[in-house]
Amino acid sequence: VGGAHQVVAQLPHLSRLPLRIKPNFNFALPGIKKIGTLMLPTTVGISVDQINAFVDTACASFLPLGSITALYYSNRLMQLPLAIFGISLATVSLPAMSDEASRGNIQALKETLNYSIRLMLFAVIPSMAGLVVFGRPIIKLLFEHGRFDAYASSLTYSALAFYALGLPAYSAVKIFASAFYSFKETAYPVKVAVISMLLNASLNIILMERFAVGGLALATAISSAFNGFWLFVALRRKIGLIGGR
C-alpha cells in the first residue's frame, strides 16, 4: 500500500510536465538497450549489500543465542541516518552530476560531488556520535520489553556501536558510486564492491572470535571504509583533485 501511494502521489505532478507517456513494449529501442547494459552491473553492485547481510547472518548463527536478532536490530537503527542523509544525497546528486558530465563540465561536477560529501558528513558525523553515545538507551527504549532483556540490549548495542562507526563510509560509498554512474561507468564500483564483500567475509571470521556480534559489524564498517577509499582514489585519478582535504 505504501509503495502504491508513493507512485500515485507523483502522478499529478508528472501530468504537469511537457511529457506524453504511453506504453511501449518495443525492447529493441536504443535507449532501452543502453539502460539494460548500464543496469546489469549496477544490479550486481546492489546485490553485494544483500550478500554481505546474508554472510553476516550466517556467521552470527555460530555466536551466542540472540546474536542474529542483535545484528538485525542494530542494522535497522544504523540504516535510519544512512537512508535520510547518505542515500538521499546520493539520489539527488546523481542527476546533477550526470547533467554536468554530459556537458563536459567537470569542474561543476567536482563542486557538486564535494558539496554532497561535505553536507553528508555534516549530518552523518553527529548521527554517528549520537548512536555511539546514546545507542544503549535508544535500544532500551525501543526494544527492551518482553523477552528482549538487558542482556539483549547490551548485545545489540555492541553491534550498533561498530555499525555506527562506518556511517560516514557507507554514505560516502553511495555518493562516490553516483559520481561514477554519472559518467555511465558502472563496472568499476561493482568490482570494488565485490572485493569489499570478500574482505568483509574474511574479517567476519577474524573479528567474530574476539568481538562476537560486534566483530561482524566492525567487519562491515572496515570493508565499507576500504570501498569508499578506493572509489575516492579512482575518482581522483579520473577527474583530478576533488577537494578531499
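**Note on an all-helical predicted model**

1. Read along the sequence, the fold follows the pattern α-α-α-α-α-α-α-α-α. The model is a predicted one. The protein holds 9 helices and 0 strands.

2. On overall dimensions, the C-alpha atoms fill a box of roughly 55 × 45 × 35 Å along the principal axes. Of the 245 residues in the protein, 40% are buried. Where contacts link residues at least 6 apart in sequence, 77% of them join residues at least 24 apart.

3. The surface deserves a separate remark. Its accessible area comes to about 14400 Å², and carbon and sulfur atoms account for 69% of this. As to charge, the protein carries 20 positive and 9 negative side chains. The centres of these two sets lie 9 Å apart.

4. The interior is best described through the largest nonpolar core, which comprises 49 residues. Two or more residues of this core come from each of the following elements: helix H3 (30–60), helix H4 (67–102), helix H5 (106–143), helix H6 (150–165), H7, H8 and H9. Which members of the core touch the most other members? They are Leu113 and Leu167.

5. The surroundings of leucine 113 may be checked directly in the structure. With residues up to four places away in sequence left out, leucine 113 touches Met97, Ile175, Phe176, Ala179, Leu235 and Ile242. Leu113 belongs to the core and lies within the range of helix H5 (106–143). Among its contacts, Met97 falls within the range of helix H4 (67–102), whereas Ile175, Phe176 and Ala179 fall within that of helix H7 (167–182). Leu235 falls within the range of helix H9 (213–239).

6. Two backbone positions call for inspection. Most residues other than glycine have a negative phi. Lysine 184, although not a glycine, has a positive phi of about 60 degrees. Where does lysine 184 lie? Its place is the loop between helix H7 (167–182) and helix H8 (187–211). Lysine 184 is partly exposed, with a relative accessible area of 44%.

7. The second position is alanine 212, likewise a residue other than glycine, whose phi is positive and near 55 degrees. Alanine 212 is found in the loop between H8 and helix H9 (213–239). Is alanine 212 buried or partly exposed? The residue is partly exposed, at a relative accessible area of 26%, and buried would require a value under 20%.

Technical notes: Residues are numbered from 1 along each chain as its sequence is written. This is a predicted model: local features need pLDDT of at least 70, side-chain atom pairs count only at pLDDT 80 or more; totals for chains, interfaces and linings use all residues. Side-chain values use heavy atoms; hydrogens and water are left out. Helices (H or I, at least four residues) and strands (E, at least two) are DSSP runs, numbered from the N terminus. Buried means under 20% relative accessible area, exposed over 50%, partly exposed in between (1.4 Å probe, protein chains only). A nonpolar core is a set of buried Ala, Val, Leu, Ile, Met, Phe, Trp, Tyr and Cys residues joined through side-chain atoms within 4.5 Å. Contact means heavy atoms within 4.5 Å. Accessible areas come from the Shrake-Rupley method with a 1.4 Å probe; for residues, only the protein chains shown count as cover. Lys and Arg count as positive and Asp and Glu as negative; His and the chain ends are not counted. The place of a charge is taken as NZ of Lys, CZ of Arg, CG of Asp or CD of Glu.
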